[in-house]
Amino acid sequence: MSQASAIRRRSRTGDTRAALLFLLPFSVLALVFILYPVVQALYMGFFDWDLLTQRAQNFGLQNYVTMLGGHGFVWSATHMLTWRVPLLVVAAVVAVGALRGRGRPLRAGVVVLLLLGLVVALGFHPGPQGSWNDPRFWAALQHTIEFTVISTPLLLALGLAMALAVNRPGRAASWYRGAFFLPYVLPVSVVTLIWIYLYNPSRGLFASVTSAFGVEPIDYLNSSALAIPAVVLTTVWWTVGFNMVLFVAGLQDIEPSLYEAASLDGAGRVQSFLNITLPGLRRVMLLVLVTQVVASFQVFGQIYLMTRGGPGDSSLVLIQHIYQSGIRDSDLGYASAMSIVLLVLILAVSLVQLRFFKEDDA
Amino acid sequence: MSTAPAPTITERTTREDATPRRSRTARRFTIGASMLHLFLGVAAIVWLVPVIWMFVLATSDNDLLQLDSQTLLPQGFTLQNLIGELSNSELPRWFLNSLIVTGVTTIGTVVCSAMAGYAFGRLDFRFKEPLFIVTLAGLMVPREAMFIPLYLMFSSAGQLNTYPAMFLPRIALPLGVFIMTQFFRAVPRELEEAARIDGAGHRRIFTRIMLPLARPAIAALAIFAFVQSWNDYLWPLVVATQPDYYTLTVGLAQQQASFEAARSLGDLMSRGVIGSLPLIVVFLLFQRQLVRGISLASGEK
């Protein structure tokens, strides 16, 4: 028996104890500060749990009823059309794709049915005599989803475009990378400080640029239609550099020989991009997409600091509603229940994304 | 990254175009390339305009800014705002708070991630795969959103307005473990085998061989954790109820709302400069490590 294999055997039996030791600090902290809060929030969500008295009363589902319930519902075909029409289009695309024999027909059928169900469900809303138990929750949910749906494609597409532009050797390119990445290191309060004044109609640079084109200055942050898009623009400026760096790393992992082979076969730039670059970036794309969506659903700082959720509640998001219900209004049980709903939403969306990408691999 | 870029399409075309036969295409490519550089240069400057504007306003006279702030030239250049804000009673205290919280968080994150990464990357033990998958699943837990139970935990222990309350929940970072695992997995076996024959245990191998090897990954992770922690907003906002325990990020945010702030734009932007200067310095010094760290995170999954 050789010495090396004896050592290996000894080390294998000794590894478990060593591993326990090495994993200890991380696992203890992760259990206490990542896993336990999730369990605790799930538990607290079933109680009327007041922050000041610190007492848990009335075990039950009342928090979820308050959050999700309402009365006096009616159904109309035109309610929330801006959401339902795109969903219908997606359902149609999936259906047509399945009929042409792409993907698994059974799964496509389920997806189409779920989408159609959602389109029908979105037609329900409280009628003239009815109301949601907590209209602010629905407003916050709607704005959170809107923020995510608007910002994610922008952050993905612009990040990729920037990566393609700056992924070249040389000093200049590294300067561009630095410039595009720099805003990412700024604290949220500094970012919002700058942008609140950039958007200011009488003192900001935006107003002076738009008035040069003869457009009256607009108070973006005090407009219920423009507040969220304005915050999205700020967010893109602040964080897109991070995605750019991820995409640059992904681009550099692609085998250069693939491009050579393609150009020998007479493939153009567009074809190379579609057939080599995009498939090669699949993993990074997935990473960016998942982290982006997890982060967007938890958006808080920049919106809270720039608009306080206003004007009215027109840019209220879920985390702000949780923060105000729990800390300001002392209703820890209700805030926990909303955290759990947010967690479920994020997990569901992440898993759908993972699933979708995996299926494409096969 | 900037020192050893992988070959790209551009690099290859320029190499091919260097042959005299293709001089015409070469010229077209050079014009195209300089157009691209012009475009990127302008885009990069425009991208930085908000930051430049902050510096300009911070070094402008407050009263002159009342007349005109829509400019990229300092109005009556002065350092008075910056000096005034630095001698302000609260800013230095918040700066110190941020430094302590960020310092402990960064060191803790690096130590915990490196240790766990060594276990996942180099050791054989039961339930290794499931444990690693659970750790990866931790990436999907919205940590920001779970502040209510954490708040209850610290408030019922009477630990609000303390430093541990601010850094303890931020140390365990699944992404950090992932980065370090990726790194340790790639270390060749021979390096370790030699030490093992000499009778070194895991602790020795970890501290004497693995940690020195992992210096680039550790630097990257440390900078990443530093930026994240310095910029953390929601958790310190929740857990620090007294201004004495605000971090700089929270403190700056609290001051934005006040009315007199709106009248002294120069002072306000000076606070922004002071709050972001440490990060800009860190960024300029360690740009390469930071970029590499983020790239490591994008590695194989």
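Start at Asn161(B): with a relative accessibility of 11%, this residue counts as buried. Keep in mind that the model is predicted.

**Stop 1: two positive phi angles**

Stay on Asn161(B). Its phi is positive, about 55 degrees, although the residue is not a glycine. Show the backbone around it: Asn161(B) lies in the loop between helix H7 (147–156) and helix H8 (163–171) of chain B.

Now jump to chain A and select Ser330(A). Here too phi is positive in a residue other than glycine, near 65 degrees. Ser330(A) sits in the loop that runs between helix H14 (318–328) and helix H15 (332–361) of chain A. Is Ser330(A) buried or exposed? Ser330(A) has a relative accessible area of 8%, so it is buried, the cut-off being under 20%.

**Stop 2: chain B as a whole**

Zoom out and colour chain B by secondary structure. You will see 16 helices and zero strands. Switch to a surface view. The accessible surface of chain B is about 13,800 Å², and carbon and sulfur atoms hold 65% of that. Of its 301 residues, 53% count as buried. For the contact map, take pairs in chain B with a separation of 6 or more: 72% of those contacts are between residues 24 or more positions apart.

**Stop 3: Ser113(B) and its surroundings**

Select Ser113(B), in helix H5 of chain B. Its relative accessibility is 1%, so Ser113(B) counts as buried. What is Ser113(B) in contact with, leaving aside neighbours within four places in sequence? Highlight Leu173(B), Gly176(B), Val177(B), Met180(B) and Leu221(B). Then draw a distance from the C-alpha of Ser113(B) to that of Ile179(B). The two atoms are separated by 8.2 Å, while the residues are 66 apart along the chain.

**Stop 4: helix H9 of chain B**

Ile179(B) is one of the buried residues of H9(B), so select that helix next. H9(B) covers residues 174–185 of chain B. Its 12 residues should span 16 Å at 1.5 Å a residue, and the end C-alpha atoms are 16 Å apart, which agrees. How many of the 12 residues of H9(B) are buried? The count is 11, so the helix is largely enclosed by the rest of the structure. Among the buried ones are Pro174(B), Gln182(B), Phe183(B) and Phe184(B). Two contacts of Ser113(B) from the last stop, Gly176(B) and Met180(B), also appear among these buried residues.

**Stop 5: rings in chain B**

Show the aromatic side chains. Over all chains, the structure holds 39 aromatic pairs. Pick Tyr118(B) and Phe206(B): this pair is tilted, with 5.2 Å centre to centre and 55 degrees between the planes. The pair links distant parts of the chain, 88 residues apart. Tyr118(B) belongs to helix H5 (residues 91–122), and Phe206(B) to helix H11 (residues 202–213) of chain B. Both residues are buried.

Next, select Arg93(B) and Tyr245(B). Arg93(B) lies over the face of Tyr245(B), at 5.4 Å from the ring centre.

**Stop 6: rings in chain A**

Move to chain A for a similar arrangement. Arg308(A) lies over the face of Tyr304(A), with 4.2 Å to the ring centre. Then select Tyr43(A), Phe46(A), Phe47(A), Trp49(A), Phe59(A) and Tyr64(A), which form one aromatic cluster.

Keep Trp49(A) shown and add Gln40(A). Gln40(A) is in helix H1 (residues 3–44) of chain A. At 12% relative accessibility, Gln40(A) counts as buried. Apart from neighbours within four places in sequence, Gln40(A) is in contact with Trp49(A), and also with Pro149(B) and Leu152(B) of chain B.

**Stop 7: helix H9 of chain A**

Select residues 227–252 of chain A, which make up H9(A). This helix has 26 residues and reaches 38 Å from its first C-alpha to its last, close to the 38 Å expected at 1.5 Å a residue. Where is the kink in H9(A) centred? Label Thr239(A): the kink there is about 45 degrees. H9(A) is mostly covered, with 24 of its 26 residues buried.

**Last stop: chain A as a whole**

Zoom out once more. Chain A has 15 helices and four strands. Buried residues make up 50% of its 362 residues. Its accessible surface is about 17,600 Å², of which 68% belongs to carbon and sulfur atoms. Of the contacts in chain A between residues at least 6 apart in sequence, 71% join residues at least 24 apart.

Terms used. Residues are numbered from 1 along each chain as its sequence is written. Chains are lettered from A and ligands numbered from 1 in the order in which they are written. This is a predicted model: local features need pLDDT of at least 70, side-chain atom pairs count only at pLDDT 80 or more; totals for chains, interfaces and linings use all residues. Side-chain values use heavy atoms; hydrogens and water are left out. Rings of Phe, Tyr and Trp (its six-membered ring) pair if their centres lie within 6.5 Å; planes under 30 degrees apart count as stacked, over 60 as edge-to-face and the rest as tilted. Buried means under 20% relative accessible area, exposed over 50%, partly exposed in between (1.4 Å probe, protein chains only). A charge sits over a ring if NZ of Lys or CZ of Arg is within 6 Å of the ring centre and within 35 degrees of the ring normal. The expected span of a helix is 1.5 Å times one less than its number of residues. The bend at a residue is the angle between axes fitted to the seven residues ending there and the seven starting there. Contact means heavy atoms within 4.5 Å. Accessible areas come from the Shrake-Rupley method with a 1.4 Å probe; for residues, only the protein chains shown count as cover.
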